[in-house]
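Student: I have a new structure to read, and I want to know how its labels are earned. Can we go through some of them?

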Amino acid sequence: MERNPELAHFIEAYEAELRARNLVDFDDMPLLAFRMIRDHEWIRGALRAKFPILFVDEYQDLGYALHELVLLLCFEAGVRLFAVGDPDQSIYAFTGANPELLESLITRPGVVPIHLRFNYRCGTSIIQAAQAALGEDRDYRAPDGAHQGNIFFHPVAGDLSNQAQLVVHRLVPEMRARSIQLQEIAVLYRIAQHGNEVAQRAAGEGVPIVRADTQALVRRSSRLSRFIEACARWVVGGWIDADPPFRRLASNVSVLIYGGSTSEEEQRRVQKELIEFLQSTIDTNQSTHEWLRAFRGNLITPWHARARTITEDWDAIGEMITRTDPATNSDMPLTHFGGRIEGQGRLSLSTLHSAKGREFDSVVLFGMNNDILPNHFDQRTPEQLREARRLFYVGVTRARKELHLVFTKGQHSPWVAELSRRTQRQA
């Protein structure tokens with residue numbers, strides 16, 4: 001802040017405006033909790049009595065405020081701590097995450113660190129490649145009898161469009177010929193814009209996709225988006241095997257509209273409206289765009305008018321309709337949206353950040369060029385460069401059986417070159 005007085009002034013003005021309106025934002029919540037617990041011994045005692053043990057997963061993703069809250073609860077208030085984390089997977093510096101916080105935790109008196117060595121996900125070759133991607137040996141190993149895993153390098157003469165053509169026209173069909181189901185294949189990339197290249201090729205070939213990036217049709221943070229997707233699944237075949245059960249759909253929408261307080265009459269009305277619409281769209285061969293427009297007109301608009309909940313979710317369906325506009329070649333059969341395509345699911349497209357915590361039989365790291373990973377921003381400071389390298393490591397370790405690296409010929413990331421050298425030495 002001292003080096004950027006303009007930013008400091010902006011933050012002070014922003015916080016003053018919040019206080020004037022009696023509001024708090026997300027960053028305020030852990031700070032307010034910290035101050036309450038620090039200043040009131042009885043709150044510490046009450047928390048210790050009710051929650052004698054605190055479990056923290058993905059500790060490397062914590063920022064300073066939450067870290068200080070953990071220290072206050074566990075090293076001053078007496079709550080026992082069980083924390084799990086991996087500094088090598090700290091890739092959210094833009095949210096305040098700092099791997100040094102986890103590393104400092106294990107040096108505190110009374111903390112017993114347990115280092116895990118075995119990787120039960122990846123084949124042995126991929127584990128070795130992951131350490132090359134990280135640039136440091138961690139002595140990670142596969143358990144006895146683990147599969148080998150395969151690594152493939154695909155230099156492409158051309159830009160990202162040519163790379164996308166290779167992925168959709170050749171790599172994905174070859175994987176499926178090796179009995180890898182579509183939902184077990186993921187294409188990972190640095191930013192959502194790169195995913196657009198693959199998405200456009202997939203649409204042209206009729207390959208169903210699901211995206212986990214800023215262009216995702218279904219925002220996982222939106223309850224309404226997830227509910228609409230589940231309804232589509234019910235319409236295109238889920239009604240036959242109760243996947244999902246209609247009772248669950250009806251319960252979810254009651255909560256969306258009325259919150260936790262719903263009369264029997266209101267529940268019956270919602271159930272009747274929902275079942276009448278869903279049944280009327282079975283076997284109608286509507287596209288996703290057409291079905292979403294009908295869903296909004298028949299259900300969302302009247303539900304929103306009588307909703308008692310305060311939520312921004314109601315805007316989600318408009319975003320979904322826009323993103324399936326036939327004019328942009330983004331529409332798809334409803335069976336694709338509902339995920340009922342001959343039992344084969346959808347090809348996953350995801351940014352590297354959004355792929356963290358997930359795993360697939362086969363992973364394609366797309367656009368692994370020297371100006372993408374690392375790019376000029378990554379190289380501004382040593383820590384930014386280390387985080388970019390950890391991001392590459394996270395992508396490599398999403399693969400269970402096959403790892404494919406796709407890049408422009410002669411313009412590969414230096415880390416791809418390191419990985420290739422390690423692979424050749426092992427061969």
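Tutor: We will take some labels one by one and set each against its rule. Keep in mind that this is a predicted model.

Student: Start with burial. Why is Cys 74 called buried?

Tutor: Its relative accessible area is 11%. Buried means under 20%, so Cys 74 qualifies. The residue sits in helix H4, residues 64–76. Its C-alpha atom is 9.0 Å from that of Arg 48, and the two residues are 26 apart along the chain.

Student: Why is Met 29 called partly exposed?

Tutor: Met 29 has a relative accessible area of 45%. Partly exposed runs between the 20% and 50% limits, so the label fits Met 29. You will find Met 29 in helix H2, residues 28–39.

Student: Which residues form a nonpolar patch on the surface with Met 29?

Tutor: Val 24, Phe 26 and Leu 32 form the patch with Met 29. Together the four have about 420 Å² of accessible area.

Student: What makes Met 29 open enough for a patch?

Tutor: A patch residue needs over 30% relative accessible area. Met 29 has 45%, so it passes that test.

Student: Now salt bridges. How do you know that Glu 58 and Lys 356 form one?

Tutor: Their closest N and O atoms are 3.0 Å apart. The rule asks for a side-chain nitrogen of Lys or Arg within 4 Å of a carboxyl oxygen of Asp or Glu. The pair therefore counts as a salt bridge.

Student: What makes this a link between distant parts of the chain?

Tutor: The two residues are 298 apart. Glu 58 is in the loop between strand E1 and H4, while Lys 356 is in the loop between helix H15 and strand E7.

Student: Are Glu 58 and Lys 356 buried, partly exposed or exposed?

Tutor: Glu 58 has 31% relative accessibility, so it counts as partly exposed. Lys 356 has 13%, which is under 20%, so it counts as buried.

Student: Why are Glu 264 and Arg 268 said to be about one helical turn apart?

Tutor: They are 4 residues apart in helix H11, residues 264–280, and therefore about one turn separates them. They also form a salt bridge, with the closest N and O atoms 3.7 Å apart. Both residues are exposed.

Student: Where do Glu 273 and Arg 269 lie?

Tutor: Both lie in helix H11, 4 residues apart, about one turn of the helix. They form a salt bridge at 3.4 Å between the closest N and O atoms. Glu 273 has 22% relative accessibility, so it is partly exposed. Arg 269 is partly exposed too, with 45%.

Student: How many salt bridges does the count come to?

Tutor: The count comes to 30. Salt bridges also link Arg 121, Glu 184, Glu 359, Asp 361 and Arg 400 in a network.

Student: Last, the second largest pocket. What lines it?

Tutor: It is lined by 29 residues. Ala 199, Ile 209, Arg 323, Ser 330 and Met 332 lie nearest its centre. The pocket holds about 620 Å³ of space. Helix H8 gives the most to the lining, with 5 residues. Strand E5, helix H13 and helix H14 each supply at least two.

Student: How does the lining divide by residue type?

Tutor: It divides into 13 nonpolar, 10 polar and 6 charged residues.

How values were computed
Residues numbered from 1 in each chain as written. Predicted model: local features only at pLDDT ≥ 70, side-chain atom pairs only at ≥ 80, totals over all residues. Heavy atoms only, no water. 1 Å grid on protein atoms, 1.4 Å probe; cavity = no way out; pocket = protein on both sides within 12 Å on 5 of 7 lines; lining within 4 Å. Points joined across faces, edges and corners; volume = space filled by probe spheres on them. Nonpolar A, V, L, I, M, F, W, Y, C, P; charged D, E, K, R; others polar. Patch = residues over 30% accessible without salt bridge, like charges linked within 9 Å, V, L, I, M, F, W, Y side chains within 5 Å. Areas by Shrake-Rupley, 256 points an atom, 1.4 Å probe, with all protein chains shown as cover. Buried < 20%, exposed > 50% of the residue type's maximum accessible area, 1.4 Å probe, protein only.
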